[in-house]
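Hello,

Here is the structure I promised to pass on to you. Have a look at it first, and then read on for what I found.

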Amino acid sequence: MNNKHIKNSCFPSDKDSLSIVVPLYNEEESLVQLSANIIKEVEPVFEYWEVIFVDDGSTDKSFDVIREIIKKDNRFKCIRFRRNFGKSAALNTGFSSCNGNFIATMDADLQDDPKEFKQMYEILNAGYDLVSGWKKKRYDPISKTIPSKFFNYMTSKTSGIRLHDFNCGIKMYRDVVVESLDVYGEMHRYLPALAHWNGFKVTECVVEHHKRQFGKSKFGLSRFIRGFLDLLTVTFTTRYMKRPMHFFGIWGTIFTLIGLTVFGILSIEWLLGEVALSGRPLAWASLGLVIIGIQLFSIGIIGEMIVKQNTTKNKQTYLIKETIL
């Protein structure tokens with residue numbers, strides 16, 4: 001909730017306007033064509049629009065190319081990082097500078113097509129708050145597509161919202177959605193899930209995916225490891241932050257019940273004289289499960305005490321859709 005927008009007076013409040021955030025890193029070859037494509041596709045749909053390039057510490061001539069684009073058309077703007085901070089940081093910074101009441105994102109490598117903004121705008125006007133692209137036909141190597149499918153499956157199961165492509169670069173939001181998001185780490189992958197958990201209506205649409213024309217992908221396999229760890233983080237901090245006992249208590253119960261069940265079976269065998277407990281590793285394992293279960297319960301109780309203390313001190317903030325008084 002750190003992305004408070006200060007609307008630009010050049011965008012009338014009674015007209016729909018679009019801000020396009022384009023994070024980039026070493027994409028000097030594609031930027032001129034990308035800007036021309038945006039002008040061609042966006043002008044017929046939005047009278048008022050802007051593009052915010054976020055140069056994430058590029059080491060090539062990307063910023064020089066952007067500077068020339070801005071000289072020709074002041075609807076293009078740029079924020080330049082001193083070094084590479086990652087896509088989440090770029091999006092968060094771009095979001096905080098947007099002036100439109102609709103906000104779109106896209107990658108700078110020409111694989112996303114700005115013509116999709118028209119159908120996304122129509123979908124939002126049909127009652128949705130966020131529409132995410134779905135690259136149904138992809139032009140990526142198998143080393144990228146297979147891990148991506150696994151990632152999308154796990155995210156769908158964890159988040160409770162069924163999308164085919166959470167990490168698609170091209171999306172469109174209502175400004176109120178962006179204002180509710182705090183993007184850091186690798187959280188840009190989970191923006192639809194975060195919006196869904198905040199009570200917004202999220203959907204997807206099939207978008208055209210183009211082959212990469214210049215350079216190579218800036219993302220390696222390590223991003224999926226970081227993404228998985230961030231999935232655990234966002235799940236806990238979003239769904240269980242105010243009720244930690246629901247998380248730790250469930251797992252504590254599972255571990256304790258398994259440990260007690262196994263230990264009970266072993267105890268019955270011992271009472272029947274079938275086997276001694278002292279020489280069985282399974283007995284020690286069951287005892288360990290019980291101890292772990294009790295520890296998880298303890299963490300959950302401490303977490304609940306901290307939440308209760310903070311709640312009484314600080315006024316709770318909720319996302320309100322509308323009020324009738």
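Let me start with a single pair in the sheet: G133 has C205 of β7 as its bridge partner. Please keep in mind that this is a predicted model.

That pair belongs to the pairing of β5 (residues 130-134) with β7, which is parallel and runs over five bridges. S132 is a good residue to look at next, as it has a bridge partner in β7, namely E204, and one in β6, namely K171. The pairing of β5 with β6 is antiparallel, over three bridges.

How is β5 placed with respect to the rest of the structure? Five of its five residues are buried, so β5 is largely enclosed by what surrounds it. From this strand, L130, S132 and W134 point one way, while V131 and G133 point the other way, and all of them are buried.

Stepping back to the whole sheet, you will find seven strands in an open arrangement, in the order β3-β2-β1-β4-β6-β5-β7, and the pairing is mixed. The edges are formed by β3 (76-80) and β7 (202-206), each of which pairs on one side only. On average, neighbouring strands are turned by 20° against each other, if direction is ignored.

Now to the helices on this sheet. α1 lies across β1, β2 and β3, and runs at about 160° to β2. Helix α3 (residues 87-95) also packs on the sheet, where it touches β1, β2, β3, β4 and β6 (171-174); its direction makes about 155° with that of β1.

α1 has a helix partner too: α1 and α2 pack at an angle of about 35°, and their axes are 10 Å apart. Their crossing is right-handed. On the α1 side the contact is made by L31, V32 and S35, and on the α2 side by S62, V65, I66 and I69. By type, five residues of this contact are nonpolar, two are polar and none is charged.

Next, the nonpolar cores. The largest has 32 residues, and the members that touch the most others are L18, I20, L31, L34, F53, F117 and M172. Two or more residues each come from β1 (17-24), α1 (31-42), β2 (48-55), α2 (62-72), β4 (102-105) and α4 (116-125). Which of these elements gives the most to the core? That is α4, with five residues. Apart from this core there is another, of 29 residues, including F81, L130, A193 and A195. L130 will be familiar from β5, where it points the same way as S132 and W134.

If you would like one residue of the largest core to zoom in on, try I20. Beyond its neighbours within four places in sequence, I20 is in contact with I38, V42, E50, V51, I52, A104, M106 and F117. F117 is, like I20, among the members of the largest core that touch the most others.

Finally, a residue elsewhere in the chain. I291 sits in helix α10 (residues 281-313). Is I291 buried or exposed? I291 counts as partly exposed, because its relative accessibility is 44%, and that class lies between the limits of 20% and 50%. Its C-alpha atom is 8.7 Å from that of G259, and the two residues are 32 apart along the chain.

Enjoy looking through it, and do write back with any thoughts.

Best wishes

Definitions and conventions
Residues are numbered from 1 along each chain as its sequence is written. This is a predicted model: local features need pLDDT of at least 70, side-chain atom pairs count only at pLDDT 80 or more; totals for chains, interfaces and linings use all residues. Side-chain values use heavy atoms; hydrogens and water are left out. A nonpolar core is a set of buried Ala, Val, Leu, Ile, Met, Phe, Trp, Tyr and Cys residues joined through side-chain atoms within 4.5 Å. Buried means under 20% relative accessible area, exposed over 50%, partly exposed in between (1.4 Å probe, protein chains only). Helices (H or I, at least four residues) and strands (E, at least two) are DSSP runs, numbered from the N terminus. Contact means heavy atoms within 4.5 Å. Two strands pair if DSSP finds at least two bridges between them. Axes are lines fitted to C-alpha atoms, for helices over the stretch in contact, and angles run from 0 to 180 degrees between N-to-C directions. A crossing is left-handed if the near helix is turned anticlockwise from the far one by less than a right angle, and right-handed if clockwise. Ala, Val, Leu, Ile, Met, Phe, Trp, Tyr, Cys and Pro count as nonpolar, Asp, Glu, Lys and Arg as charged, and the others, Gly among them, as polar.
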